[in-house]
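Q: Please take a close look at the surroundings of the ligand. Then follow the side-chain contacts and the backbone details elsewhere in the chain, and give the cut-offs behind each term.

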Amino acid sequence: MKEKLQKIRENAIAQIESSDGLAKLNEVRTTILGKKGELTAVLKGMKEVAPEDRPKVGQWVNETREAIENCLEEKKTKLEAEALRLKYESEKIDVTMPAEKHLTGNLHPMTQVKNQLVDIFGSMGFEVYEGTEIETDHYNFTALNTPQDHPARDMQDTFYLSPEYLLRTQTSAGQIHVMENKKPPIKIISPGKVFRSDDDATHSPMFSQMEGLVVDKGINLCDLKGILDVFVKKIFGENTVTRLRPSYFPFTEPSVEVDVSCFQCGGKGCKLCKGTGWIEVLGAGIVNTKVLEGCGIDTNEYSGFAFGIGIERIAMLKYGINNIKLLFESDLRVLEQIDD
Ligand code: PHE
């Protein structure tokens, strides 16, 4: 009997040792210790053992069982540790591996500049008025002191939709709508698309402007210059100053062309400012009394100034873009470089 048990034990240990996984080990456990297992068979056969030998044989069986169980337990611990090691191995992260590059979008330079303009003027108390891209001849020209036969109409090659309707050539058209609908004090900006039949490196048939209009008591050119000085410093840098030159627009009198000191060379003269130290950035002036009166505003009491900024022009100057088409082509190689 002892030999038989020894055999069972050796056989069991060999099977346990050769188990190559937890599932296999479980199988082995059932075949050895289960109801149909060899050891159970021995226990069942105890009846045949002589009564005086039973305690002895019982002890052997127990010892065998214990030894097998210990061996199973040991193997189980080993296999579990191995399984965990493999799991960790498979989940290992190489922290030195370069990260996958994620493409993050950014706002279009035109949107960036428009937002900056709106922020700057918004911080000075200007409200935003959005006009419409389709206008009547009246709002785009006549009410702006530019009647049918006025030579200034030639300054802007207009896309007419009908004799009456056109694509607005200037955001100035919005000035009239605002003044017709609101009593002074008026302090608005109006960004939007405008259209002119014009096409070269610095002009596009569709471009964007931002109109500014202030109407209040005692408004004069100094107020205009003060506001524009704040604007150019914020957009082109603290050291930028403005210069007003006489100009002509039918709806402003006097009219001015506003230059900024060249923010690239500081005024010494460079390629950007064509050696002059100054860069032209916008048109402006004191609102013509004829325009105010046309909108029912008492010019004895009120006066105003207006300005029109070309947004593409500002973006091109600010970001060193030499062809306006780059702002319409959506070439990511260009757009990715501009993120203020
Ligand atoms: N509307 C003018 C233009 O498009 C600019 C401007 C606006 C000039 C307001 C004076 C006052 O050229």
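A: A polar contact is a pair of N or O atoms within 3.5 Å; within protein, one atom must be able to donate a hydrogen and the other to accept it, and residues adjacent in sequence count only if both atoms belong to side chains. The model is predicted: local features need pLDDT of at least 70 and side-chain atom pairs pLDDT 80 or more, while totals for chains, interfaces and linings use all residues. Residues are numbered from 1 along each chain as its sequence is written, and side-chain values use heavy atoms, with hydrogens and water left out.

The ligand comes first. It is surrounded by 15 residues, where a residue is near a molecule if one of its heavy atoms lies within 4 Å of it. The closest are Q170, S172, R196, Q209 and E211. For three of these the polar distances to the ligand can be given. The side chain of S172 places a polar atom 2.9 Å from a nitrogen atom of the ligand. Q170 also has a polar side-chain atom 2.9 Å from a ligand nitrogen. At R196, an N or O atom of the side chain is 2.7 Å from an oxygen atom of the ligand. On its own the ligand has 330 Å² of accessible area, and the protein covers 93% of that (Shrake-Rupley method, 1.4 Å probe).

Which elements give two or more residues to the shell around the ligand? They are β5 (206–216), β8 (278–287) and β9 (303–310), where helices (H or I, at least four residues) and strands (E, at least two) are DSSP runs numbered from the N terminus. Strand β9 gives the largest share, three residues.

One of the closest residues to the ligand, E211, also has a partner within the protein: its side chain is joined to that of Q175 by a polar contact of 2.6 Å. Q175 belongs to helix α7. Its relative accessibility is 1%, so Q175 counts as buried (buried means under 20% relative accessible area, exposed over 50%, partly exposed in between, with a 1.4 Å probe and protein chains only).

Helix α7 spans 173–181, and the loop between it and β4 (186–195) holds P185. The backbone of P185 has a cis bond: the peptide bond from P184 to P185 has omega near 5°. A second cis peptide bond runs from E253 to P254, with omega near 0°. The surroundings of the two prolines can be set side by side: P185 lies in a loop, whereas P254 has its place in strand β7 (residues 252–261).

From P185 the next step is to K225. The two are 40 residues apart in sequence, and their C-alpha atoms are 19 Å apart in space. K225 sits in helix α8 (residues 221–236) and is partly exposed, at a relative accessible area of 28%. The side chain of K225 makes a polar contact of 2.8 Å with the side chain of T242.

T242 has another such partner: the side chains of T242 and D229 are joined by a polar contact of 2.5 Å. T242 itself is found in strand β6 (residues 242–249). It counts as buried because its relative accessibility is 7%. The pairing with K225 thus has a buried residue on the T242 side and a partly exposed residue on the K225 side.

Two residues other than glycine have a positive phi. Phi of N145 is near 60°, and phi of S330 is near 55°. N145 is found in the loop between α6 (137–140) and β3 (165–167). S330 also lies in a loop, here between α10 (311–319) and α11 (332–335). N145 is buried, with a relative accessible area of 18%, whereas S330, at 46%, counts as partly exposed.

A last residue for the picture is T136, in strand β2 (residues 134–136). Its relative accessibility is 15%, so T136 counts as buried. T136 and C222 are separated by 86 residues in sequence and by 33 Å in space, C-alpha to C-alpha.

To return to the ligand: the protein covers 93% of its accessible area. Its polar surroundings include the side chains of Q170, S172 and R196, and E211, one of the closest residues, is in polar contact with Q175.
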